[in-house]
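Hi everyone, thanks for making time this morning. I'd like to walk you through a structure, so please have a look at it while I talk.

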Amino acid sequence: MSTARPGKPKYAFLPISTVPAALSIAWCHYPVAEAPNQPGPKHRPTLVRAVKFSPDGTMAAVEVTFGTSKVKHGERPFDLIIANSAELDGCGLPYVTRFDLDKTIWLPWASEYFVPREGYRTPVTGALGEMSRMQLEALKVARRIHPNR
């Protein structure tokens, strides 16, 4: 379904039945800083942080966190890093991934942004396991304690 409002981009919204739950991994063309209102050129994993629906329940938007294979262990201690092989498998991640918790944006749940990863039928490839969920909660606390990180 496509929708357009005056002054707003037209999107091909994905079916509501495919909207991911919070803490799912969804593959996305995450916008680059130079073009924040357009799908980015690179297909990458994102961590879904929250979901919201249109008043009529026919469209959705997801708040997602940027994922990258550039881990930067010592440089980014307050980001979520998925490295455990069981966690990687449960998330549908093909490589160690760092989620940059400082890069989180709302995007329409639309085919312009969210496209299945090769070998998958939907953009959602999995969800954080218990270990990663606990790590994320600890990082939230650490980020509040150290706001000027």
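I'll start with the overall layout, then go to the cores, the salt bridges and two residues that caught my eye.

Please keep in mind that this is a predicted model.

So, the layout. The chain has two helices and eight strands. If you follow the sequence from start to end, the order is β-β-β-β-β-β-α-β-β-α. The radius of gyration is 16 Å, and the globule rule gives 15 Å for 149 residues, so the chain is as compact as a globular protein of that length. Along the principal axes, the C-alpha atoms fill a box of roughly 45 × 35 × 30 Å.

How much of the chain is buried? Buried residues account for 42% of the 149. The accessible surface is about 8300 Å², with 55% of that belonging to carbon and sulfur atoms. As for contacts, take those between residues at least 6 apart in sequence: 65% of them join residues at least 24 apart.

Now let's go inside. As a reminder, nonpolar side chains tend to be buried together in soluble globular proteins. Here the largest nonpolar core has 18 residues, and the members that touch the most others are Cys28, Val62, Val64, Leu107, Trp109, Tyr113 and Phe114. Two elements give two or more residues to this core, namely strand 3 (24-29) and strand 5 (60-68). Which of the elements gives the most? That is strand 5, with four residues.

Let me stay with Cys28 for a moment. Beyond its neighbours within four places in sequence, Cys28 is in contact with Leu107, Tyr113 and Phe114, and also with Lys42, His43, Arg44 and Thr46. There is also a second core, separate from this one, with 14 residues, including Leu47, Leu88, Leu93 and Leu139.

On to the charges. How many salt bridges does the structure hold? There are eight, and I'd like to show you three of them.

In one, Asp100 and Arg76 meet through their side chains, at 2.8 Å from N to O. Asp100 sits in strand 7 and Arg76 in the loop between strand 5 and strand 6 (80-82), so to speak a link across 24 residues of sequence. Asp100 counts as buried, because its relative accessibility is 9%. Arg76, at 24%, counts as partly exposed.

Arg76 also forms a salt bridge with Asp102, again with the closest N and O atoms 2.8 Å apart. Since Asp102 lies in strand 7 and Arg76 in that loop between strand 5 and strand 6, this pair ties together parts 26 residues apart in sequence. Asp102 is partly exposed, with a relative accessible area of 44%.

Then Asp102 has another partner, Arg143, with the closest N and O atoms 2.4 Å apart. This pair links strand 7 with helix 2 (residues 130-145), and the two residues are 41 apart. Arg143 counts as buried, at 13% relative accessibility.

Put together, these belong to a network of salt bridges that links Arg76, Asp79, Arg98, Asp100, Asp102 and Arg143.

Now for an arginine with another story. Where is Arg117? You'll find it in the loop between strand 7 (97-108) and strand 8 (124-127). Arg117 is buried but has no salt bridge, and the nearest side chain of opposite charge, Glu118, is 7.7 Å away. That distance does not count as a salt bridge because the cut-off is 4 Å. What is Arg117 in contact with, leaving aside its neighbours within four places in sequence? The list is Trp27, His43, Gly92, Leu93, Pro94, Thr122 and Thr125.

My last stop is a backbone detail. Most residues other than glycine have a negative phi. Leu23 is not a glycine, yet its phi is positive, at about 75 degrees. Leu23 is in the loop between strand 2 (11-12) and strand 3. Is Leu23 buried or exposed? With a relative accessible area of 19%, Leu23 counts as buried, because the cut-off is under 20%.

That's my tour, and I'm happy to go back to any part of it with you.

Notes:
Residues are numbered from 1 along each chain as its sequence is written. This is a predicted model: local features need pLDDT of at least 70, side-chain atom pairs count only at pLDDT 80 or more; totals for chains, interfaces and linings use all residues. Side-chain values use heavy atoms; hydrogens and water are left out. A nonpolar core is a set of buried Ala, Val, Leu, Ile, Met, Phe, Trp, Tyr and Cys residues joined through side-chain atoms within 4.5 Å. Buried means under 20% relative accessible area, exposed over 50%, partly exposed in between (1.4 Å probe, protein chains only). Contact means heavy atoms within 4.5 Å. Lys and Arg count as positive and Asp and Glu as negative; His and the chain ends are not counted. The radius of gyration is taken over C-alpha atoms; the globule rule is 2.2 Å times the number of residues to the power 0.38. Accessible areas come from the Shrake-Rupley method with a 1.4 Å probe; for residues, only the protein chains shown count as cover.
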